[in-house]
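Ready for some practice in reading a protein model? Take a pencil, work through each task, and then compare your steps with the solution.

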Amino acid sequence: MNEKTGNHLLSFIIYFCAFILMVEWLKPVIMLTDTGHLKLFSVFLLLSFSFYFLRLNWKIVIPIKVLCISWILIFIYADFSFWSMESVSYLVDMIRTNLMALMAQEWNDVTNPFRTLLFFILLWMTTYLLNYWIRVRKSLLLFFLLTVLFITILDTFSPYNGEKSIVVTLVAGFIVIGLLYVEKLWKEHNKQIKGKFLFAAIVSLVGLLVFSSTLAYALPKAGPSWPDPVPFFTGANAPSGEGEGNGRGKGGPQKVGYGENDEQLGGAFIGDKSPVFYATVPDQQYWKIETKDTYTSKGWVQSKTEAQISSYDKGETISTDIPPGQADKAEKATISMREEYSFVMQPYGLINLNTAEPATISLNATNQKMTTFLGGNTVPLQEYEIEFSEPYYSLKALRASTNAKLEELTSEFDRYLQLPNTLPDRVRELATSVSAREETLYEKAKLIERYFRLNGFSYEKTDVPVPKGNTDYVDQFLFETKLGYCDNFSTSMVVMLRSLGIPARWVKGFAAGEIVDRNNDTRVYEVTNNNAHSWVEAYIPGSGWMQFEPTIGFTSGINLDYDLDIETEGINTPTPIVPKAPIKEETKQERAEISKVFTDVTSGSLKWISTHKATFFWSIIWLSFASLIIYYFRRKWMSKILIPMYRMKKNNWEAFEKMYHQLLKQLSLHGVKREQGETLTDYAKRIDSYFGGNYMNRLTNAYEKGFYGGNKEEINYASMRENWEKLINQLSG
């Protein structure tokens, strides 16, 4: 093994071990956040470390990484070809809409594709930092220690099982630390690594680690010193793992899933990954089952309001109190049940239901539950198809909803304003203080929805208390524990909205689930018992019933029609709940104007590209070709840029130092590179013998005089500039 091969082998092992450490860091993040697609993220990491190992130029690396990230985003979230114009439009629109949401401070409107893009950027930055530590610092000790600490903490206090990961991390970490130390020693002594020594170092280090790890793994181990702090996390590997169950809150943890009895909320839950149904649908949906209207201070029951039943045949248009949106954008969802439920999983904007099985659909308008009957008895459907169109809401109408509109509501909304007489006053006072700075009902509801994300609340399924005695369920959550799952968050928001006089109801159903397959232009979601969920619907006069999602970690975006009159409307943006310093408020009019300009420019550009595809394609080719020509002949024009640029600077040490370093860079780019260990004086002599004259020697003497001797005032900077310009011109000759 020659020295060059030995160095390459050493570098390969170091980067491979760094890749292993990064993957072991990534595994618990993917598992605990239910992100999925570990292989795709690992491929990106492998690609990144391969580029660093090969030392490719950044001009090649950046385009390849951008293409890789774009392809993965299209593969995960879209179903059309990556090389089509639709994919370009999708990516541009995704970035545009999310940047608009960020500028408007609507953090909950940020979509999953954009979050994935940000995560890729984080991985990119992390691999860049690791490469710096490997190339320059010759040490990964800090990252190794943090990775071990990260895995061990998650192994102890979360459902993640890091037993094997800890072993792999220790082996890979000690190998990379040992080899980097060897490389550092040889670099400090300015010697090349000999093949025999490298081989012996690798074999001995790996052998010692494998032997010690195997011995430690095989030896008997003492039991735990204290009970498992998270005994109920074993089945809770999905972030949407909250839900309902019969008889909960009676002492022990209950199994997660849908249930009828909600009279006693609270208590721990054990996860259940058993599939309830599979939904083939273009986009993720919330699946509504029923609503409840009476809060008892401990849980929910349905009032004894007379049931309003409407029956529909298969394919007949169904009328719910949340009408569908645009008819020309109707979509279809196919539901394949795995549990025998005699009620329908409803997406928002439901139009009709079709099934090959004989059944009649019965809608109870009192609780919004849709049941299937046959011959007077309930019957479960195995598979059915739903046509729906998600509702749209006018932002102008929402901004026009005020407290005066509430006085126009009829008595049928009284049950959605019900609150127990025992509700503590501080709950009402909190709702008033949170929403006080907004006038419109919609903005008040949004402030309450965001309140839980900004004030120290935590999502928790196991250590959730059951209110005892006269303790109110919502009061306990808002002021004492601040810990809970979806029932805590959704119930609290309903109670706070009702405290403001806004009709609201508690909704039960299932969250979207996880993508398990793709079918043409649709995705197949597996919805399990872990996805049982509850959320909120509020009635905004002039707009109707709308869904809201207060639970931390969940998003349920609605479709808004931005039909504001930009010239006449100006509404102040909400300020933070507890401002730490005076903040200049940006008006919503300004935000809307920026958003409109951004939208017009982007949509206009995309429209022009779609109608001039050939022109756009050939323009890109000619621009690329012209750029290559300009880059190839850069020696001819570089001086025309550098000399005027530096003539604008003053004749002082700071400008001279930058000019000298720029000269070294240009010499290196033109093939006259300074050798390793070569002094500046020897390098200057070689340059002058190559180009003729004594320019480089004069510049170097002045640089060493100022840099090492500190005599910066005695340098004739005007003369040095002339010598520098002559050398730059010679490089362009």
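The exercises below go from the whole chain to single helices, residues and strands, and the model they use is a predicted one.

**Exercise 1. The whole chain**

Task: Find how many helices and strands the chain has, and what share of its residues is buried.

Solution: Start with the secondary structure, which comes to 21 helices and 22 strands. Next, turn to burial: of the 733 residues in the chain, 45% are buried. Finally, look at the contacts with a separation of 6 or more: 73% of them join residues 24 or more positions apart.

**Exercise 2. Checking the span of a helix**

Task: Work out what span helix α4 should have, and compare it with the distance between its end C-alpha atoms.

Solution: Helix α4 covers residues 85-103, which is 19 residues. The expected span is 1.5 Å times one less than the number of residues. This gives 27 Å for α4, and the end C-alpha atoms are 27 Å apart, so the two agree. Now see which residues of α4 are buried: Ser-87, Leu-91, Met-94, Arg-96, Asn-98, Met-100 and Ala-101. As a last step, go just past the helix, where Gln-105 has a positive phi, near 60°.

**Exercise 3. Two residues in helices**

Task: Decide whether Asn-488 is buried or exposed, do likewise for Ser-165, and list their contacts beyond four places in sequence.

Solution: Recall that buried means under 20% relative accessible area. Asn-488 sits in helix α14, residues 486-499. Its relative accessibility is 3%, so Asn-488 counts as buried. Beyond four places in sequence, Asn-488 touches Val-464, Tyr-473, Phe-477 and Leu-483.

Ser-165 belongs to helix α7, residues 163-188. With 6% relative accessibility, Ser-165 is therefore buried too. Its contacts beyond four places in sequence are Glu-24, Lys-27, Ile-151 and Tyr-160. With one of these, Glu-24, the side chain of Ser-165 makes a side-chain polar contact at 2.8 Å.

**Exercise 4. Cysteines**

Task: Give the number of disulfides, and say whether Cys-17 and Cys-68 are buried or exposed.

Solution: A disulfide is a covalent bond between the sulfur atoms of two cysteines. To be counted here, a pair of cysteine sulfur atoms must lie within 2.5 Å. The count comes to 0 disulfides. For burial, Cys-17 has a relative accessible area of 6%, so Cys-17 is buried. Cys-68, at 14%, also counts as buried.

**Exercise 5. An open sheet**

Task: Write down the strand order of the open sheet of 6 strands, and name its edge strands.

Solution: Strands of a sheet pair through backbone hydrogen bonds, either parallel or antiparallel. In this sheet the order is β9-β13-β8-β3-β19-β18, and the pairing is antiparallel. The edge strands are β9 (350-354) and β18 (514-519), because each pairs on one side only. Neighbouring strands are turned against each other by 25° on average, direction ignored. Now zoom in on one edge: β9 is joined to β13 (residues 383-388) by 4 bridges, and Leu-350 stands opposite Phe-388.

**Exercise 6. Two hairpins**

Task: Find which residue has a positive phi in the hairpin of β10 and β11, and which one in the hairpin of β11 and β12.

Solution: Strands β10 (residues 360-364) and β11 (residues 369-374) pair antiparallel over 5 bridges, with Ile-361 and Thr-372 as bridge partners. Between them lie 4 residues, and Gln-368 takes a positive phi near 65°. Moving on, β11 pairs antiparallel with β12 (residues 377-378) over 2 bridges, where Leu-374 has Asn-377 as its partner. This hairpin has 2 residues between its strands, and Gly-375 in the turn has a positive phi of about 65°.

Notes
Residues are numbered from 1 along each chain as its sequence is written. This is a predicted model: local features need pLDDT of at least 70, side-chain atom pairs count only at pLDDT 80 or more; totals for chains, interfaces and linings use all residues. Side-chain values use heavy atoms; hydrogens and water are left out. Buried means under 20% relative accessible area, exposed over 50%, partly exposed in between (1.4 Å probe, protein chains only). Contact means heavy atoms within 4.5 Å. A polar contact is a pair of N or O atoms within 3.5 Å; within protein, one must be able to donate a hydrogen and the other to accept it, and residues adjacent in sequence count only if both atoms are side-chain atoms. Axes are lines fitted to C-alpha atoms, for helices over the stretch in contact, and angles run from 0 to 180 degrees between N-to-C directions.
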